[in-house]
Amino acid sequence: MTSGALTAPTRAVVAPTRGGPAAVRTLTRPLLLAVLAALATLSAGLLPAPTSVTVAVTANFLAVAGALVLLTHAGRRSAHPAGWRWYVVSVGVSALGALAAGAVLPWGQTALGSLPGHLLVVVAILRMLDRASLRAARAQVATMLVLFVLADLLTVHTLYHLTIGREGLLSLSETVALFALLSSIAVGTGFSLVFIAICPAVQRPVGWLLFASQVATALAGACSSIASGPGPVQYLACALSVLGMALLVVACRADRPRPTTDRGNAAGSTLGALLPHATALAGGSLLLLSVPVTGTLTVFGTTLGTLGLVALLAHQAVSWRTQQRLTRDLQRSEAYFRTLVRGSADPVLILDDQLQVQWVSPAITALLGLDPQRIVGRSIAAAVHPDDAPGLVAALSATSADPSETKTRTARVRHLDGRWLLIQSQVRDLRGDPDVGALVLYCRDVSASVPQPADPLPTFSTSDPTTGLPNRSALTQRLAAALRAPAAGTPSAGSASLVVLGVDGLPAGDDVPVLRELTTRFARALRGDDWLARSGASEFAVLVSGTVADAEVIAGRLVAAVEPVSTGSGTLRLTAAAGVTSLDAGADAGEALRWGDLALRSARAAGPGRVRRHSDALRITQHREETLRTDLLRALAEGQLRLAYQPVVDLALHRTVSVEALLRWRHPTYGEVSPAEFVPLAEESALITELGRWVLAEATATVAALPHPDLGVAVNVSARHVRSGELVADVLHALGSSGLAASRLVLEITESVLLDDEHVTDDLAALRRLGVRIAVDDFGTGWSSLAYLVGLPIDVLKMDRQFLADVETDPQRRALCSSVLHLGTSLGLVVVVEGVETATELQLLRDMGHRFIQGYLLARPLDRSALTTQLPGLGGAPVPTSAAGLPSLLRAGDDGPAT
């Protein structure tokens, strides 16, 4: 048997080219031209005697010159430029040696001059082989080379003995010269056969062309030695020499550095195992066949035959030793592998190119109750739910550009007892790895909502990396602390104000020198107790310890500090405006930020350099807002309010699992009024509680009446409603009136509500005990203190749209999205991603393992009448299983807040 480098020729040749039938077809035309060139040279013998010799010899040396030029040019772009440079030297030395020998040696011995050039072929071929691979299997390669050379010499000797040796046509000196030449060529021919034996299948055409060139050169040398003068034999020698040069050029042009896979090398290793035996069989058979013809068996032939048998025995012994070593290594590796996978609680599956199970770990029995042998050989598509099969097959069939990338896929698989389990798989595409050549799936059951082990909990940054200032998350935490209760070093509500500063004219992106210069100027304008933060790309915020009048003074200083900034490319003209608001005890952090943003918008509308109080901004829009506030009181009674329902889609089950109720108002005068405008008005009074009570009753009644018994509904609950102490009673009344199961209701609250009084937490815990689920809305935009998530009554995290900003191009954003999923999983929480609007975002989230998606890409908010027919996967359009099946929906705006 042949093993070692011969059974794994992947690295034997550097940068192989493509081969196979396609490569052979591309060589047909060059090979035809080579044969025609040889025939044209041979036809020179048809010319008159003085001219024929000149033409034949001239054609021969023109072929040599042309070969030198073409090899030099094509060798630079080949896969082995160093090897072809040595071939150029070999051809040049052979030609010069033949010319020099022709001047001093008699006719028939001039070919001796090319002997040094033929020996240089050995160096050329060695430069084409990977030295590390040769050293690793040097004993096998050595015995193989000896076997090839002996077989070549035995073939040459037998043919000589059958032909010219019997007639005594050559003198002793001519015979010695012939065998010296043919022996040198035999060494090069042996190396070309080594090249064929150990190179990948894609490189074999080059090896066969080199071998054919060596054979043609050997025949040309033999004919040249036999020829006693001008005649047919000499013309044949010239034609064969031209053919050898042409085949060499074709081989060089076929040697191109194209990418290839390692799987095609299996055929090459088979040839490597058979070729030494085939050459030994050919040489030995020819020697035995010569005995009946000649009646004698020469001593030289017998010696070569005996040496060949010894070399074959040595080759077999070396191959056997290598095979034994590789077998032991393989058995040890398999033992390690089986011990590893058997000790894993999660099953491991290996799939081939046809997505058929090639191997499965014993842990599959604990997961599905199936014997591993029953699964091997089955298609993965037949093992999963029919609705999940198309998407899973499409995802697994797609090749991955990065073999280190891990994708997550989820599908339903039937247990032996008939239950459908939701199985999540981490998929590694190792089909390009020659040691694996398969897809590897690491599976686990995610049917039950049990916390799964995950990576260590991530921490969210509370500082801006560009300026070093606290960011918006830290600002929200600070505001929440100030609004809750006074504490040491923290301004309390009623004695604190907020300044929101907007800077216009900043370049796109974070210009670090400019932002740091502005930060320095702002710090100089502040007092010792004032607290500066960067709240947005072009916005800053200051928590002022003092009244709103004090805040106006600070705002004026900040606006004045925004003067032109000198940069490397010139002077940057900047302007600013500021909004000011007081911090009322009844507000939360989100409300305070909205008031500051409203005041800033009013100031910017008034022009650069302006400062506006929140109250001033309200007066500017007083007419509209007072009208809306007044009309909102009777909007509910007059039926102007309605609910729209946006689906939340489960990518694993391919259907809508819940809807979020969104409040809408069609004003008789203003038309559709954005929730971002009228909900804050309602939150100013107890009206928000009344609206929340109506939304609860309307949403639960609507969903309870639908023909979807498992469909849930999410309702946004305001901070005031939660703090009122009436939420539990209102929820119980809504559930009792509608008949909706408590487990189908989700209450969405903001992060800051969880930091409120203890009775708020108690009320939420009481609702959870009833079966109602609690969701944290817009997770990541508020205080985002991970410690508060532990032990609080929370079931769902709704990941805000801000997490998806630049997720398609920013690896850090993708890592953050993945971290939120791991965070929720580790705490036993469901994670819903909001605001998904592009197919790329959806595919990235699917690959991360996110299941629950909400956004315009899959479904826009639906009216009540459309819920029975247009919910994705529940009477409406099917949920696409791949990016190709996604609709092209343009973003039409934000869903807007709801009560």
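This is a short talk about a few helices, one sheet and two single residues in a predicted model.

Hi everyone, thanks for coming. Please keep in mind that we are looking at a predicted model throughout.

Let me start with helix α2. It covers residues 49-75, so to speak 27 residues in all, and its first and last C-alpha atoms lie 39 Å apart, close to the 39 Å expected at 1.5 Å a residue. Which residues of α2 are buried? They are Ser 52, Ala 56, Asn 60, Ala 63, Val 64, Ala 67, Leu 71, Ala 74 and Gly 75. It helps to recall that an α-helix has 3.6 residues a turn, so residues three or four places apart point the same way.

Now pick out Ala 56, which sits in helix α2. With a relative accessible area of 1%, Ala 56 falls under the 20% cut-off and therefore counts as buried. What does Ala 56 touch, once residues up to four places away in sequence are set aside? Its contacts are Thr 41, Ala 44, Tyr 235 and Cys 238. Thr 41 is 15 residues from Ala 56 along the chain, and their C-alpha atoms are separated by 5.8 Å.

Tyr 235 and Cys 238 bring us to helix α10, residues 232-254. The axes of α2 and α10 come within 9 Å and cross at roughly 10°, which makes the two helices roughly parallel. Their crossing is left-handed.

For a second helix pair, go to α17, residues 472-484, and α20, residues 589-606. Here the axes come within 8 Å and cross at roughly 115°, so α17 and α20 are roughly perpendicular to each other. This crossing is right-handed. On the α17 side, the contact is made by Arg 472, Leu 475, Thr 476, Leu 479, Ala 480 and Leu 483; α20 contributes Ala 589, Ala 592, Leu 593 and Asp 597.

Staying with α17, its 13 residues should span 18 Å at 1.5 Å a residue, and the end C-alpha atoms are indeed 18 Å apart. Its buried residues are Ser 473, Ala 474, Leu 475, Thr 476, Leu 479, Ala 480, Ala 482 and Leu 483. What do they pack against? Besides α20, the partners are the strands β6 (496-504), β7 and β8 (539-545).

β7 (531-534) also helps us find Arg 527, in the loop that runs between α18 (512-525) and β7. Is Arg 527 buried, exposed or partly exposed? Its relative accessibility is 33%, so Arg 527 counts as partly exposed. Beyond its neighbours within four places in sequence, Arg 527 is in contact with Val 544, Ser 545, Asp 550, Ile 554 and Arg 557. Between Arg 527 and Ser 545 there are 9.1 Å from C-alpha to C-alpha, at a sequence separation of 18 residues.

Last stop, the sheet. It is open, has 5 strands in the order β2-β1-β5-β4-β3, and its pairing is antiparallel. β2 (357-360) and β3 (406-414) are the edge strands; each has a single partner, so one side of each lacks a neighbour in the sheet. From one strand to the next, the twist averages 30°. Looking inside, β1 (residues 348-351) and β5 (residues 438-445) run antiparallel and are joined by 4 bridges. One to find on your screen is Leu 349, whose bridge partner in β5 is Leu 441. Finally, helix α16 (residues 389-397) lies across β1, β3, β4 (420-430) and β5, at about 150° to β3.

That's my tour, and I'm happy to take questions.

Definitions and conventions: Residues numbered from 1 in each chain as written. Predicted model: local features only at pLDDT ≥ 70, side-chain atom pairs only at ≥ 80, totals over all residues. Heavy atoms only, no water. Pairing = 2+ DSSP bridges. Axes fitted to C-alpha atoms, helices over the stretch in contact; angles between N-to-C directions. Contact = heavy atoms within 4.5 Å. Expected span 1.5 Å × (residues − 1). Buried < 20%, exposed > 50% of the residue type's maximum accessible area, 1.4 Å probe, protein only. Parallel < 35°, antiparallel > 145°, perpendicular 65-115°, else oblique. Left-handed = near helix turned anticlockwise from the far one by under 90°.
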